[in-house]
Amino acid sequence: MSTDDRIRWDQQHLSSPGAEQPAAFLRAIVEGDAWPALRGKALDIACGKGRNAIYLAQRGFAVTALDISSVALAEGRQRAQQQDLGIDWQNCDLATAALGHAAFDLIVNFNYLQRSLFGSMRQAVKPGGHVIFETFLIDQAAIGHPKNPEYLLQHNELLDCFRGFRVLFYREGKFVDGDGAAFRAAIFAQRLK
């Protein structure tokens with residue numbers, strides 16, 4: 001991303017209130033009793049105003065939250081401070097960010113697609129750690145934003161991206177989260193080695 005992208009995201013975050021509630025898919029996985037409890041170090045990629053980072057910190061995770069928008073990070077930081085939550089907010093360009101190697105027990109990514117990050121994400125999660133990823137599916141272009149195929153997953157693309165991981169849950173379809181329904185694909189997967 002460029003300086004233009006940073007400015008565009010800052011302006012978008014200034015003009016919209018941002019969701020308060022964490023993503024429904026994240027809540028379903030973390031609060032569900034079908035899997036062992038998730039704990040440890042978490043990374044929230046493209047965290048925006050931090051709704052998911054704050055949710056994870058409330059549940060005891062040590063959270064690192066990344067975003068290109070300093071405006072969004074400032075609002076997230078303020079919300080977290082009001083709740084005495086210690087989150088490591090990092091302003092960075094995800095096109096060039098180093099995520100580390102086997103550094104996180106959990107990586108979450110919601111409503112953001114940068115295909116060049118998949119390899120880094122697979123490496124950044126610890127063996128035995130998990131990835132929770134959800135974003136828009138190609139079918140979304142027919143009903144609303146986003147429409148650019150660069151930002152839309154193909155059918156089964158997440159399954160291909162996390163091949164070699166144990167897939168604990170996967171879904172594709174039209175789902176409600178927040179204000180309305182959208183076509184999404186989502187995966188909950190565990191790195192085996």
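The questions and answers below concern a predicted model and take up its cavity, its cysteines and one aspartate.

Me: Which residues line the largest cavity, and how many of them are charged?
Reply: The structure holds one cavity of 30 Å³ or more, and the largest cavity has a volume of about 40 Å³. Its lining is made up of Ile29, Val30, Gly32, Trp35, Pro36, Ala37, Leu38 and Phe188. Sorted by class, these lining residues include seven that are nonpolar and one that is polar, while the number of charged residues is none.

Me: Why does Cys47 not form a bond with Cys92?
Reply: A disulfide is a covalent bond between the sulfur atoms of two cysteines, and the cut-off for counting one is a pair of sulfur atoms within 2.5 Å. The closest cysteine sulfur to that of Cys47 belongs to Cys92, and this is too far for a bond because the distance is 8.7 Å.

Me: How many disulfides does the count come to?
Reply: The cut-off asks for two cysteine sulfur atoms within 2.5 Å. By this rule, the number of disulfides is zero.

Me: Is Cys161 buried or exposed?
Reply: Buried means under 20% relative accessible area. Because the relative accessible area of Cys161 is 13%, Cys161 is buried.

Me: Which residue has its backbone nitrogen 2.7 Å from a polar atom of the side chain of Asp67?
Reply: Asp67 is found in strand S2, which covers residues 62-67, and Asp67 counts as buried because its relative accessibility is 5%. The backbone nitrogen that lies 2.7 Å from a polar atom of the Asp67 side chain is that of Gly48.

Conventions:
Residues numbered from 1 in each chain as written. Predicted model: local features only at pLDDT ≥ 70, side-chain atom pairs only at ≥ 80, totals over all residues. Heavy atoms only, no water. Helix = DSSP H or I, 4+ residues; strand = E, 2+ residues; numbered from the N terminus. Buried < 20%, exposed > 50% of the residue type's maximum accessible area, 1.4 Å probe, protein only. Polar contact = N/O pair within 3.5 Å; in protein donor to acceptor, adjacent residues only side chain to side chain. 1 Å grid on protein atoms, 1.4 Å probe; cavity = no way out; pocket = protein on both sides within 12 Å on 5 of 7 lines; lining within 4 Å. Points joined across faces, edges and corners; volume = space filled by probe spheres on them. Nonpolar A, V, L, I, M, F, W, Y, C, P; charged D, E, K, R; others polar.
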